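Please look over the sequence and the model below before reading on. The text then walks through the fold part by part.

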Amino acid sequence: MACPFSRHPPSEMLHRQHSIAEGAGWNLDEDLSEIPDDALTLTHLNAAIQLLTAPSNEDVYEALMSLIDKHRNRWPALEKLRTDRNALHIYPHYDYLADVQDNLNRIDESSASEILVLLGNELIHTACVGIIERAFKCLGSNLQEFLGSLDGVYDVLKLQEEDISDTGFVCAGEGELIFTSERPVLAWLLLGCLQALSRLLFHYEPPIEMEPLDGDVPRYRYLFKLDDFEEQVVPIVADNRVHGTLRESVSSDTKDLKMDNDFFCKAFPWHFIMDENLNLVQVGQGFSRLFKNYMATSGLSACTYFRFKRPRGLSLRFREIVRRTNTPFMISLRAPPGRPDFFAKGLEIKGQMVFCPESNSLLFVGSPFLDGLEGLTCNGLFISDIPLHDATREVILVGEQARAQDGLRRRMDKLKSSIEEANAAVTKERKKNVNLLQLMFPEDIAEKLWLGAQIDAKTYSDVTMLFSDIVGFTSICSRATPFMVINMLECLYKHFDELCGFFDVYKVETIGDAYCVASGLHRASIYDAHKVAWMALRMIETCSLYNTHDGQHIRMRIGIHTGTVLTGVVGRKMPRYCLFGHNVTIANKFESGSEACKINCSPTTKEWLIKHPGYNFQLQPRDASCMPKEFAEAKGLPCYFLEGYKHPTVNDDATIQEHIEAAMKQTLLDGSETIIVEESK
């Protein structure tokens, strides 16, 4: 194996990366989006290894199409494997590779395994490009190192994703790789991938033999014949002159070691050496401080003091551990016999197992697996127990910084939640206030009032107004108590308010027994007069459902008129939306000129009611003397009693309510309330 100090760095690595220590400080909130798109990350490394263990349907499809193009002359039946690429996205959990294997067995079972190996070659050819190729290259400088890194890196990635599956790699020795998978098709695919990667990364293709291994879980051994592979080694010679002689700087003789055991145990406090019987023959100062008082009585077996947590399923035999030296090890401390309260029980140490052939022993070198000062102190350790060269010190301190920032983040989240709850409460109250304003004012006026904007007086043309009062209301009040009168009006006007919502007309005000509505203010349309007329008919009908205190039906007279009005908000303490103008007075006069249970309709309103065909209002002309004297614009035209409404699509025997509901539906079908452009004067 070549000396690592003799390797010449590749040209792309000549520009030295900045050290973390040279930075201004740790920045845990650094925006990952600022990382360049071509920067190699753990995500790319994970994607590269998944190409070998679980290739995506898209990658398999591209490789298969390339394979068909190259080998269709040799295997013409491969053309049957062509499929539509879009079909792969229909089923997200579709196992495309399994279907490919089944089809190959049907087409040519004798050549299926050979084709799968070639498919693995094409998989690397089509998918191992760009950043994925760079990810594979970072695993090792030669094939043996590459195989060893597959073992260790994949094990770490599985730990990151909490993957408990049995799929994985084991670099069992020189030129030996063991792959575990429940899917035999991946074993053949991996053989082709390893061949292609050897050519691509190391420009060398050793013969590879694959054989299945016996066991409960399917495993496959890949043997690489590396005999013909000669790695160039550049020896290092230092000008160390001792008594005038030149000697080599590297020696395999134990007599030439530059440190003794005591210094090694101090420099690497978290190490131990086991012999082939897994007995401890040397421990570092960290382990010695914890266990030296118990070894004389509890023995030297490593299993007494350590529990091997990773790799999973490891058989605690010397040769089995030697086969897993390329896998990261995680051990936890056991309590010595008779000491269940051992303070460091469960402390995890993560590190590497190294086989020492000169002494036929195993060296474990690791570091405590901690993320903060609390984990350090609760296990009876100190920062001084972590060597200066060990990055665990920075991990602990950064973990404390992350914990502090996480606490601040939690407090900020709690404050944010409180603010959001307060905003929600304010929004809820604001909505109540807005809804209340919209009950008292048209929507646009309510919005301006809420915002504190100035509300100017405005003129509306063709507004249809309805005034009503109860016949004999003064007499009713003289014979009934105030509570009876209020209860009667509350029941009656509550029903009227529901009619306002149904016909979408604006309730102007209620003064005593007077009930006033208008249409054409908040939303103008060609059916404003129709809706007011229909509401008047329903009001007369509703009165028959309610009685006075003495059992008599309530009788009401109504007047409706259409004309131009001036509107504005009057007052600040108790603002009122008021209607002004001559036509408001005229509408009130039409109400006073009406009769009990009658609807007095002005000529202008009548023109709007007959303006559009298909709406049959029953209008009875009145004598000219019934016209209010203030309405000089009539010019001899009569006023009318609105006696009913018949809709052409409804049977004549139906109720007035059914006729009106059919008419309201027709207004929606005729143009969904065609809007009239409002003219402001």
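The paragraphs below go from the whole chain to its helices, its sheets and a single residue.

This is a predicted model, in which local features need pLDDT of at least 70 and side-chain atom pairs count only at pLDDT 80 or more, while totals for chains, interfaces and linings use all residues. Residues are numbered from 1 along each chain as its sequence is written, and side-chain values use heavy atoms, with hydrogens and water left out.

The chain has 21 helices and 20 strands. Both are DSSP runs numbered from the N terminus, helices being H or I of at least four residues and strands E of at least two. Of the 681 residues in the chain, 42% are buried. Buried means under 20% relative accessible area, exposed means over 50%, and partly exposed lies in between, with a 1.4 Å probe and protein chains only. Among contacts in the chain with a separation of 6 or more, 62% are between residues 24 or more positions apart; contact means heavy atoms within 4.5 Å.

Towards the N terminus, M65 lies in helix α2 (residues 57-71). Is M65 buried or exposed? Its relative accessibility is 11%, so M65 counts as buried. Apart from neighbours within four places in sequence, M65 is in contact with L81, R82, T83 and Y96. R82 is 17 residues from M65 along the chain, and the C-alpha atoms of the two are separated by 7.1 Å.

Next comes a helix pair. Helix α3 (residues 96-108) packs against helix α4 (residues 112-127) at an angle of about 140 degrees, and their axes are 9 Å apart. Axes here are lines fitted to C-alpha atoms, for helices over the stretch in contact, and angles run from 0 to 180 degrees between N-to-C directions. The angle makes α3 oblique to α4, because angles under 35 degrees count as roughly parallel, over 145 as roughly antiparallel, 65 to 115 as roughly perpendicular and the rest as oblique. On the α3 side the contact is made by L97, V100, Q101, L104, N105 and D108, and on the α4 side by A112, I115, L116 and L119. These residues divide into seven nonpolar, two polar and one charged. In this scheme Ala, Val, Leu, Ile, Met, Phe, Trp, Tyr, Cys and Pro are nonpolar, Asp, Glu, Lys and Arg are charged, and the others, Gly among them, are polar.

The sheets can be taken in turn. Strands of a sheet pair through backbone hydrogen bonds, either parallel or antiparallel. Two strands are taken to pair if DSSP finds at least two bridges between them.

One open sheet has four strands in the order β1-β2-β4-β3, with antiparallel pairing. The edges are β1 (168-173) and β3 (208-213), each with a single partner strand, so one side of each has no neighbour in the sheet. From one strand to the next the twist averages 25 degrees. Five bridges link β1 to strand β2 (residues 176-180) in the antiparallel sense, and C171 stands opposite L177 in β2. Helix α7 (residues 184-202) packs on this sheet and touches β1, β2, β3 and β4 (219-224); its direction makes about 15 degrees with that of β4.

Another open sheet has six strands in the order β8-β7-β12-β11-β10-β9, again with antiparallel pairing. Its edge strands, β8 (280-283) and β9 (306-310), each pair on one side only. The twist here averages 30 degrees from one strand to the next.

Within this sheet, strand β7 (residues 271-274) points H271 and I273 one way and F272 and M274 the other way, and all are buried. β7 pairs with strand β12 (residues 361-368) over four antiparallel bridges, where H271 stands opposite V365. Three bridges join β7 to β8, also antiparallel, and the bridge partner of F272 in β8 is V283. β7 and β8 form a hairpin with five residues between them, and L278 in the turn has a positive phi of about 60 degrees. At the other edge, β9 is joined by four bridges to strand β10 (residues 329-333), antiparallel to it, and F308 stands opposite I331 in β10.

Further along the chain is strand β20 (residues 640-646). Five of its seven residues are buried, so β20 is largely enclosed by the rest of the structure. Strand β19 (residues 616-621) pairs with β20 in the antiparallel sense over six bridges, with N616 partnered by K646. Strand β18 (residues 599-601) is joined to β20 by two bridges, also antiparallel, and F641 in β20 is the bridge partner of N600.
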